[in-house]
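Trainee: Before we discuss this structure, I should like to understand the grounds for each term we apply to it. May I ask you to justify them one at a time?

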Amino acid sequence: QVQLVESGGGLVQPGGSLRLSCTASGIIFSIYHMGWYRQAPGKQRDLVAGITSDGGTKYADSVKGRFTISRDNAENTVYLQMNSLKPEDTAVYYCNGGRTRVANIWAWGQGTQVTVSS
């Protein structure tokens, strides 16, 4: 059974930084493409960053140049470094993955809350 555990969220002022982590268990992590998603209150859950099994990355336009996704296959962990945070980045952040593309094939974890506010 796949388990996803997100952490690293918190309250940060505009312009600040956070680093999120997502550790996956129950899978051969290195062969999966992984993504970070976020869901703000009253909105749908959207993909913000993805990383392929061989390290290729892609970002939503809203976070390009501010967020960096990375992975450590030895630790079964995907990271999201978030810089220059804005109030509109406030959301619950989740990770998920897929075998042939960045997707969300597993049950969602509990997510980690990111709040950007002064």
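Mentor: Let us begin with the largest pocket, which is lined by 13 residues, with Arg38, Ala40, Lys43, Asp46 and Glu88 nearest its centre. Please bear in mind that this is a predicted model.

Trainee: Which elements give two or more residues to the lining of the largest pocket?

Mentor: They are β4 (33-39) and β5 (46-51). The largest share, three residues, comes from β5. The space in this pocket is about 190 Å³.

Trainee: How do the residues of the lining divide into nonpolar, polar and charged?

Mentor: Five are nonpolar, four are polar and four are charged.

Trainee: What makes Cys22 and Cys95 a disulfide?

Mentor: The criterion is a pair of cysteine sulfur atoms within 2.5 Å. The sulfur atoms of Cys22 and Cys95 are 1.7 Å apart, so the pair meets the cut-off and is called a disulfide. By this rule the count comes to one disulfide.

Trainee: Which parts does the pair tie together?

Mentor: Cys22 belongs to strand β3 (residues 18-25) and Cys95 to strand β9 (residues 91-98), so the disulfide links parts that are 73 residues apart in sequence.

Trainee: Are these two cysteines buried or exposed?

Mentor: Buried means under 20% relative accessible area. Cys22 has 0% relative accessibility and therefore counts as buried. Cys95, also at 0%, counts as buried by that rule.

Trainee: How do you know that β3 pairs with other strands?

Mentor: Two strands pair if there are at least two bridges between them. Strand β1 (residues 3-7) and β3 have five bridges, so this cut-off is met. β3 and strand β8 (residues 77-82) have six bridges, so they pair as well. The sense is antiparallel for β1 with β3 and for β3 with β8.

Trainee: Which residues are bridge partners in these pairings?

Mentor: Between β1 and β3, Leu4 is matched with Ala24, and Glu6 with Cys22, the cysteine that forms the disulfide with Cys95. Towards β8, Ser21 has Tyr79 as its bridge partner.

Trainee: In what order do the four strands form the open sheet?

Mentor: The order is β1-β3-β8-β7, with antiparallel pairing.

Trainee: Why are β1 and β7 said to stand at the edges?

Mentor: Each of β1 and β7 (67-72) has a single partner strand, so one side of each is left without a neighbour in the sheet. Neighbouring strands of this sheet are turned by 15 degrees against each other on average, direction ignored.

Trainee: What makes the phi of Asn76 worth a remark?

Mentor: Most residues other than glycine have a negative phi. Asn76 is not a glycine, and its phi is positive, near 55 degrees. Asn76 is placed in the loop between β7 and β8.

Trainee: Which residue in the loop between β8 and β9 may be set beside it?

Mentor: That residue is Ser84. Ser84 is not a glycine either, and has a positive phi of about 50 degrees.

Trainee: Why are Asn76 and Ser84 called partly exposed?

Mentor: The term applies between the limits of 20% for buried and 50% for exposed. Asn76 has 22% relative accessibility and therefore counts as partly exposed. Ser84 has 40%, so it too counts as partly exposed.

Note on methods: Residues are numbered from 1 along each chain as its sequence is written. This is a predicted model: local features need pLDDT of at least 70, side-chain atom pairs count only at pLDDT 80 or more; totals for chains, interfaces and linings use all residues. Side-chain values use heavy atoms; hydrogens and water are left out. On a 1 Å grid over the protein atoms alone, a cavity is a set of points where a 1.4 Å probe fits but cannot get out, and a pocket is an open set with protein on both sides within 12 Å along at least five of seven lines; lining residues have an atom within 4 Å of a point. Grid points are joined across faces, edges and corners, and a volume is the space filled by probe spheres set on the points. Ala, Val, Leu, Ile, Met, Phe, Trp, Tyr, Cys and Pro count as nonpolar, Asp, Glu, Lys and Arg as charged, and the others, Gly among them, as polar. Buried means under 20% relative accessible area, exposed over 50%, partly exposed in between (1.4 Å probe, protein chains only). Axes are lines fitted to C-alpha atoms, for helices over the stretch in contact, and angles run from 0 to 180 degrees between N-to-C directions.
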